[in-house]
Amino acid sequence: MREGSFKYPDTEAFEFVERELNKRDITSQDIAKMAYDVAYEFIPEAKLTEFETATVDVLHKREVLNNAMVALDLDRLATEEQLSQPLQKIIENDAGVFGVDETLAVSIASIYGTIGVTNFGYLDRVKSGVIRKLDTEKEGRVNTFIDDLIGALVAAVAGKMAHRYA
């Protein structure tokens, strides 16, 4: 470690992720609602408010914050055409063989075991709602990482809730 007195900036990291998601009109309540919709069939007794609490818990995990910050900043840098070639072209075109966006996302979803990973696979396949919008929106902003990030957050919250009710 470079600084002996370094303290991980948990609050700043959380605020960064929350602010960047809000810039794209995505709130923690949106993520909670998507997770609720995914999990309702399996845990119908769970309340939306529980998913909202679980979403905040998931968003405060350092592993989640680290991956989310990297994903969000890579999309920003690609939008601003600040990445080196050929990485710039690969990310701005969301090349199917790239896979780094899914790798970051799976590492978030896997925090909650195979159910998190399975949920992510499902969400990545069906790409509904805001995930589809982010995946198909091509004008003015690169969304290579954020669509998978949202899917991973939803999958992680649904996985956390499945563990709670198991």
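This is a short walk through one predicted model, from the overall fold to a few individual residues.

Let me begin with the chain as a whole. What elements does the chain have, and how many of each? The chain has nine helices and zero strands, so that, read from the N terminus on, its elements run α-α-α-α-α-α-α-α-α. As for overall dimensions, the C-alpha trace spans about 50 × 45 × 25 Å along its principal axes. For 166 residues, a compact globule would have a radius of gyration near 15 Å, and because the chain comes out at 16 Å, the two agree. Buried residues make up 42% of the 166 residues. If we consider contacts with a sequence separation of 6 or more, 73% of them are accounted for by residues 24 or more positions apart.

Now to the packing of helices, where I would like to take helix α4 as our reference, residues 62–79. I will describe two partners of this helix, beginning with α1, which covers residues 10–23. These two helices pack at an angle of about 45°, and their axes are 10 Å apart. How are α1 and α4 oriented to each other? Angles under 35 degrees count as roughly parallel and those from 65 to 115 as roughly perpendicular, and the pair is therefore described as oblique. The crossing in which α1 passes α4 is left-handed. On the α1 side, the residues that meet α4 are D10, A13, F14, F16, V17, E20 and L21, while α4 contributes R62, L65, A68, M69, L72 and D73. Sorted by class, this contact has nine nonpolar residues, no polar ones and four charged ones.

The second partner is α9, which spans residues 146–165. Here α4 and α9 pack at an angle of about 160°, with 9 Å between their axes. Since angles over 145 degrees count as roughly antiparallel, α4 and α9 are therefore roughly antiparallel to each other. Their crossing, too, is left-handed. From α4, the residues V64, A68, L72 and D75 meet I146, L149 and L153 of α9. By class, the residues of this contact divide into six nonpolar, no polar and one charged. If you have the structure open, please look for A68 and L72 of α4, since both are listed in the contact with α1 and also in the contact with α9.

From there we can move to two arginines in loops. Where does R24 lie, and is R24 buried or exposed? R24 sits in the loop between α1 and α2, the latter being residues 28–39, and with a relative accessibility of 9% this arginine counts as buried. Leaving aside neighbours within four places in sequence, R24 is in contact with L72, R141 and I146. Two of these names have come up already, since L72 in α4 and I146 in α9 both belong to the contact of those helices.

The other arginine, R141, lies in the loop between α8, residues 129–136, and α9. R141 is partly exposed, with a relative accessible area of 31%. Again leaving aside neighbours within four places in sequence, R141 is in contact with K23, R24 and T79. How far apart are the C-alpha atoms of R141 and I115? They are separated by 31 Å, with the two positions 26 residues apart along the chain. One may set beside this the pair T118 and A155, which are 37 residues apart along the chain and have their C-alpha atoms separated by 8.0 Å. T118 itself lies in helix α7, residues 113–126, and counts as exposed, at 54% relative accessibility.

Finally, some points on the backbone. Which peptide bond is cis, with omega near 5°? It is the bond from Q85 to P86, and P86 lies in the loop between α4 and α5, where α5 covers residues 87–92. The loop between α4 and α5 also holds E81, which has a positive phi of about 55° although it is not a glycine. E81 is exposed, with a relative accessible area of 60%. A positive phi in a residue other than glycine is also found at D94, where the value is near 45°. D94 is placed in the loop between α5 and α6, with α6 taking up residues 100–109.

How values were computed
Residues are numbered from 1 along each chain as its sequence is written. This is a predicted model: local features need pLDDT of at least 70, side-chain atom pairs count only at pLDDT 80 or more; totals for chains, interfaces and linings use all residues. Side-chain values use heavy atoms; hydrogens and water are left out. Axes are lines fitted to C-alpha atoms, for helices over the stretch in contact, and angles run from 0 to 180 degrees between N-to-C directions. Helices (H or I, at least four residues) and strands (E, at least two) are DSSP runs, numbered from the N terminus. A crossing is left-handed if the near helix is turned anticlockwise from the far one by less than a right angle, and right-handed if clockwise. Contact means heavy atoms within 4.5 Å. Ala, Val, Leu, Ile, Met, Phe, Trp, Tyr, Cys and Pro count as nonpolar, Asp, Glu, Lys and Arg as charged, and the others, Gly among them, as polar. The radius of gyration is taken over C-alpha atoms; the globule rule is 2.2 Å times the number of residues to the power 0.38. Buried means under 20% relative accessible area, exposed over 50%, partly exposed in between (1.4 Å probe, protein chains only).
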